[in-house]
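Here are my comments on the model you asked me to look over. I have set them out as numbered points, beginning with one side chain and then moving outward.

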Amino acid sequence: MACNKKPFQMTDDEIKKEIRVPGIHTTEKFDVASLFAIVTNILKPATIAADNVIRGTKQPHMEIKGERVIATSFIPPLCTLKELSYEMVCKDPSEETAYKTTKSILEKLKNYSWHVRAVLTLAAFTLDYGDFCRHLDQFHSSDQLTKSMGILKGIPALLTLPSIDHNHESAIVEVNKLIKDTLNVIDCIVTLEERCVKYNPKDVPALSIATDNISIYVFWAIITVVVCTTRMCCLIKDERKTQELSRFAEKINAIHVKLKLQIQLCNEEIEKIEAYWKLIRFLKEPLDIVEVLKVLLFASDNRQQVKIFHNELILEAVKTKKVLLFFSGMDVDNITEYVSILNPIYEKVTSNNEYKIVWIPIVEQWTIEMQKKFELLRSKMSWFVVQNFSSTSAIKYVKEQWHYKNEPIIVALNSQGTVEHYNAVHMIKIWGTSAFPFTHRRDEELRKREDWFGSLVIEFSADISTWIKEEKHIFFYGGKDSTWIKEFCKEATGLANDDVKGARISLFNVGKDSGIERRFWKLIDNFFLYKSHMVTEVDTVTKEIQKLLSYKNEKGWVVLCKGARLVFSGYGTTVLTVLKNFDEWKQCLNDSAFSFEVCLEKYYNEQLRKDGLPCRDFDIPKIDGLLIPDCRKCPDCSEIMEMSIRFKCCHQNQHGFNLNYRHNNGHVTKVQLKEKVSPVSLVCGMTVTAACESHCQNKC
């Protein structure tokens, strides 16, 4: 038993541990709102009546404002209340006894939730206290029933006719005030519970913080009711030994202050979430682009006044227009790159006056430094620019509904304000003005283009455009090994000069000395991200991109196109061997109906099996907001590739920290961590690595 416990000498954690009831999973349910309404409707006039008696004033017909509604079907749990009342009355006035009684009450009410336990205990107290205050107020009435009930309640012991005994006055005032304060605390507890029912704590973090200590708040509310009951019993019996209330009053007041602050924080967060839900409802079926921009840009919860450049009359300008909303952070280098990508788009849409572009920087806190960056970036843009976009609900909407996660996005809206593309960034990056009109339908068309490779590399040289128009076979080649590049160029040039049936061959060097290697791999990376964005099925084009990515760090690689269409790609060393052995399959090409590229790939695959199939791996740059599928199939064997994380430092790495698989001469090598390093000090960048070991394990 815990009869010798003193709660004021215990920590909150100790009390929590003591009052925890393990193994209780059921919760008794009833209309707690109606019960609390009854309690409030009794205690408010009762405490006022007691105050009036003390002051010698009497207002028997005074109306109490804020009377709470009680359900007509509500039936109070009278037996439970009587049992609780019996548990509290006529106890020894000590802190230890109050603690023991409180624990007993909590045990009796273990099937109820915390806030219900507090309300039930206060209701049990109200049964007696409401009656006591009424009879105290009306004891001198001529009604014999009232007078007789007052005698049973011990009223004469408190009075020196015709008013309250001065010896008891301060005690009644103290109890009355403490009960009012306790009622306020339980009201806060009930309010928090109502918030928990209506709102998800994930959406309202302050709610979780507030409810973490709800058991402690309920404990102190109940023990305070218990000591008030004891004090009233001592008062009626006129005992000298009485219950000390001052420390309980201090505790209850401190809890009340804390709860009011927590409820205020919850209400502020709820106001934001309500604004967010309102925004969702409004933008679900928009009718007009102007109304959409009004709600987004000029929301009531903007923390700073929104400014629009270069023309404040943006709402007038966008009427009947389609709009590209460009959301980004304030990374100057990154945004400068996007500006160069958007400039051709701006020139095209300006010429036909069908679209408007609006840059909306997402900035959590506008500082002097942010202002300087903003001015610098604004000077580079010809389109509309928004400053001080700070609506909490609107920013939350952009992040959660339009999936903005630090990386720039471009949301395409039609003139009705309906989203035609949630993020046209990737298609614009790849296709530029060809991405017009920036819809999901156009996006789907571009994803399925068979001439994607030629469309990407055509910008590298005017010769490529000519070769594509002539439907030539074009060898694109590159790699890390200059010797291999020279050797391949020699063999491929010899092949081009030979009279190869059905093939007119041209060569284009994308090697490390050509000056365009970086641009080439950036295009391939972007195209992979573009294809991967929200796409889970691996089609033929995606397989070819994965193959290309796996060649990025090879000593040599080759891509063969027929016109703009990629028809073959392979490891440089194996392709070089096939070209050197051209005489072995030249006659086969002349004798068969197969095309040059089909025969080349056939002999390449045969040579690859002789050399031993290498394991493919490739890196995916980590970009916030890009939805990369959890599993990626190998482009060769269609087995699920292993996914891992690589942490890569952009400075010279003396520790050799690398966590992905590499193949070396056809054999798998796992590069080990040479020594234990602090990730915080080491990591400058991050990539996701996909690796397939199926070939080396003879699973294909």
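1. Which side chain of opposite charge is nearest to K321, and how far away is it? In this predicted model, the nearest such side chain is that of E354, at 9.0 Å, and K321 has no salt bridge although it is buried. With a salt bridge requiring a side-chain nitrogen within 4 Å of a carboxyl oxygen, a distance of 9.0 Å leaves the pair K321 and E354 outside that definition.

2. As to its setting, K321 lies in a loop, with helix 12 (314-317) on one side in sequence and strand 4 (322-328) on the other. Once neighbours within four places in sequence are set aside, the residues in contact with K321 are I289, N353, E354, K356, N414 and S415. E354 thus appears both in this list of contacts and as the nearest side chain of opposite charge.

3. Strand 11, covering residues 557-562, is largely enclosed by the rest of the structure, because five of its six residues are buried. Strand 9 (residues 473-478) pairs with strand 11 in the antiparallel sense over six bridges, and within this pairing I474 stands opposite C561.

4. Strand 11 also pairs with strand 12 (residues 565-571), again in the antiparallel sense and over six bridges, with V559 standing opposite S569. These two strands, 11 and 12, form a hairpin in which two residues lie between them, and G563 in the turn has a positive phi of about 70°.

5. For the protein chain as a whole, I note 26 helices and 17 strands, and buried residues that make up 48% of the 700 residues. Among contacts with a separation of 6 or more, 73% are accounted for by residues 24 or more positions apart. The accessible surface comes to about 34800 Å², and carbon and sulfur atoms contribute 50% of that area.

6. Confidence should be kept in view when any of this is used: the mean pLDDT of the protein chain is 79, and 76% of its residues reach 70 or more. Over residues 647-686 pLDDT stays under 50, and the model has 61 contacts beyond four places in sequence for that stretch. Residues 693-700 likewise stay under 50, with 19 contacts beyond four places in sequence. Where pLDDT is low, the predicted coordinates should not be read in detail.

Methods: Residues are numbered from 1 along each chain as its sequence is written. This is a predicted model: local features need pLDDT of at least 70, side-chain atom pairs count only at pLDDT 80 or more; totals for chains, interfaces and linings use all residues. Side-chain values use heavy atoms; hydrogens and water are left out. Helices (H or I, at least four residues) and strands (E, at least two) are DSSP runs, numbered from the N terminus. Buried means under 20% relative accessible area, exposed over 50%, partly exposed in between (1.4 Å probe, protein chains only). Contact means heavy atoms within 4.5 Å. Accessible areas come from the Shrake-Rupley method with a 1.4 Å probe; for residues, only the protein chains shown count as cover. pLDDT is the predictor's confidence in each residue, from 0 to 100. Two strands pair if DSSP finds at least two bridges between them. Lys and Arg count as positive and Asp and Glu as negative; His and the chain ends are not counted.
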